[in-house]
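Got the viewer open? Then let's walk through this one stop by stop, selecting as we go.

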Amino acid sequence: MMEDYRALFPVTDNLIYLNHAANSPEPLPVVAAMQEYLHACSGFGTVMEKEWRDVPGRVRRNFARMLNCPSEGIAFLANVSTAINLVAGGFDWQPGDNVVLGADQFPANVYPWMFLRNMGVEIRFAHWQHGLMDSLRKVVDKRTRIIAFSWVEYYSGHRHNLADVGILCKEMDIILVVDAIQGLGVLPLSQPDTGADLIATGGQKWLLGPEGQGAAYFSPRLLDRLNPKAYSWRSIREFMNFDDYCLDLKPGADRFEAGTPNWPGVIGLGAALELIFAVGLENIAARIQALTARLLDSLAALPGEVLTPVNWPHRAGIVSFIPAGIPAETVRELLLAKNIVCSARRGALRISPHFYNTPAEIDAVIVALRRLLT
């Protein structure tokens, strides 16, 4: 079944592409949707707006469907960093407050918080490697306002149990911020099951969408607590009334969509979501589980260290491996010379297959690694 979709990914004609944790090659439906929109703009200018007017609403509803949440909580944003900065910059911070961050996560969910030190906010790190909940309980207290975690770690590929973190946040009235970019598109995620107040992602990785276009969910209680420092003309309820200035904000998260949206990006993201729904998130998860299990089994026999957990509940689509005797960056370059694409991160080779990859491609990577390392 999954092989039926390979024709939608022209990259398979040129490469064994196993680098979706970095960027995904756009599938043909995404390219076609964006081209159709741009051709309409080219041929008809603003006259074409009416026929495209309902598309963003459909994309918003589909993203909400992916998270099992109300569409009113969805904002189209450029990337994860934009969403995180909206929260960090819009919260009512008081000196002595603290934010707890997951150690070892991608900097998009770190640097926006670190700037709060200038406001007297303490930044604490939970070193989850020896037990997530124990590490959190050691550092949270009554002045903890936010816990900010990655659902799936970009380096090791470790997947966290967000539901447990959500329970702790509910007990202590803490806002839970989740960078979901390395999990959405691989695994189903239900916002009510996690209790997350912000779930942010970019579209360019596992969601198979274009760069520079993401989306985020904002919970009602987070919306109530945010007062961002910047608004746009589209933040206003009656934003098409250009003559009567009235700072009456939209009730939903779309108040954060600054200025004219990236409509080609939104439309591309929408096409990517429709493809994912057509394949089925459960089917995608099962396929990636099987491919990464095959990879992990073979890597265990090679010289080096596997960083990624073997058990499926603790991993997603990323497999990280530190090769013995040769730098990971060198291995990456040698694999690229064989038209095999992956990443090197912090001394580890990071391999990240998607649903359209095949067991034969995984085997080809292992054969190439065996020749390099043994």
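**Stop 1: helix 11 on helix 13**

Select residues 281-299, which are helix 11, and residues 359-373, which are helix 13: the two axes come within 10 Å and cross at roughly 20°. Keep in mind along the way that this is a predicted model. With angles under 35 degrees counted as roughly parallel, helix 11 and helix 13 are therefore roughly parallel to each other. If you like to check handedness by eye, helix 11 passes helix 13 in a right-handed crossing.

Now show side chains. On helix 11, pick Arg287, Leu291, Arg294, Leu295, Ser298 and Leu299; on helix 13, pick Pro359, Ile362, Asp363, Ile366 and Leu369, and you have the residues that make the contact. Colour them by class and the contact of helix 11 with helix 13 splits into seven nonpolar, one polar and three charged.

**Stop 2: His354**

Next, go to His354, in the loop that runs between strand 13 (348-351) and helix 13. Is His354 buried or exposed? The relative accessible area of His354 is 0%, so His354 is buried. To see what surrounds it, ignore the neighbours within four places in sequence and select His20, Gly185, Trp206, Leu208, Ile284, Ile288 and Leu291: His354 is in contact with these. You have already met one of them, since Leu291 belongs to the contact of helix 11 with helix 13.

**Stop 3: the four-stranded sheet**

Switch to cartoon view and find the open sheet of four strands, ordered 9-10-13-12 with antiparallel pairing. Which strands stand at the edges? Strand 9 (304-306) and strand 12 (343-345) do, each with a single partner strand, so one side of each has no neighbour in the sheet. Look along the sheet for its twist: neighbouring strands are turned by 30° against each other on average, direction ignored.

Zoom in on strand 12 and strand 13, which pair in the antiparallel sense over three bridges. A handy landmark here is Ala344, which stands opposite Leu349 in strand 13.

Then add residues 328-337. This is helix 12, which packs on the sheet and touches strand 10 (319-323), strand 12 and strand 13. The direction of helix 12 makes about 40° with that of strand 13.

**Stop 4: helix 12 meets helix 13**

Keep helix 12 on screen and bring helix 13 back: their axes come within 11 Å and cross at roughly 125°. That angle makes helix 12 oblique to helix 13. The crossing of helix 12 and helix 13 is right-handed.

For the side chains, select Val331, Leu334 and Leu335 in helix 12, which meet Ala368, Leu369 and Leu372 in helix 13. What classes of residue are in this contact? The contact of helix 12 with helix 13 has six nonpolar, no polar and no charged residues. Leu369 may look familiar, as it is also listed in the contact of helix 11 with helix 13.

**Stop 5: two positive phi angles**

Finish with a pair of backbone oddities. Asn339 sits in the loop between helix 12 and strand 11 (340-341). Though not a glycine, Asn339 has a positive phi of about 65°. Its relative accessible area is 40%, so Asn339 is partly exposed.

For the last selection, jump to Asp104, in the loop between strand 3 (98-102) and helix 5 (111-114). Asp104 is not a glycine either, yet has a positive phi of about 85°. With a relative accessible area of 24%, Asp104 is partly exposed.

Methods: Residues are numbered from 1 along each chain as its sequence is written. This is a predicted model: local features need pLDDT of at least 70, side-chain atom pairs count only at pLDDT 80 or more; totals for chains, interfaces and linings use all residues. Side-chain values use heavy atoms; hydrogens and water are left out. Axes are lines fitted to C-alpha atoms, for helices over the stretch in contact, and angles run from 0 to 180 degrees between N-to-C directions. Angles under 35 degrees count as roughly parallel, over 145 as roughly antiparallel, 65 to 115 as roughly perpendicular and the rest as oblique. A crossing is left-handed if the near helix is turned anticlockwise from the far one by less than a right angle, and right-handed if clockwise. Contact means heavy atoms within 4.5 Å. Ala, Val, Leu, Ile, Met, Phe, Trp, Tyr, Cys and Pro count as nonpolar, Asp, Glu, Lys and Arg as charged, and the others, Gly among them, as polar. Buried means under 20% relative accessible area, exposed over 50%, partly exposed in between (1.4 Å probe, protein chains only). Two strands pair if DSSP finds at least two bridges between them.
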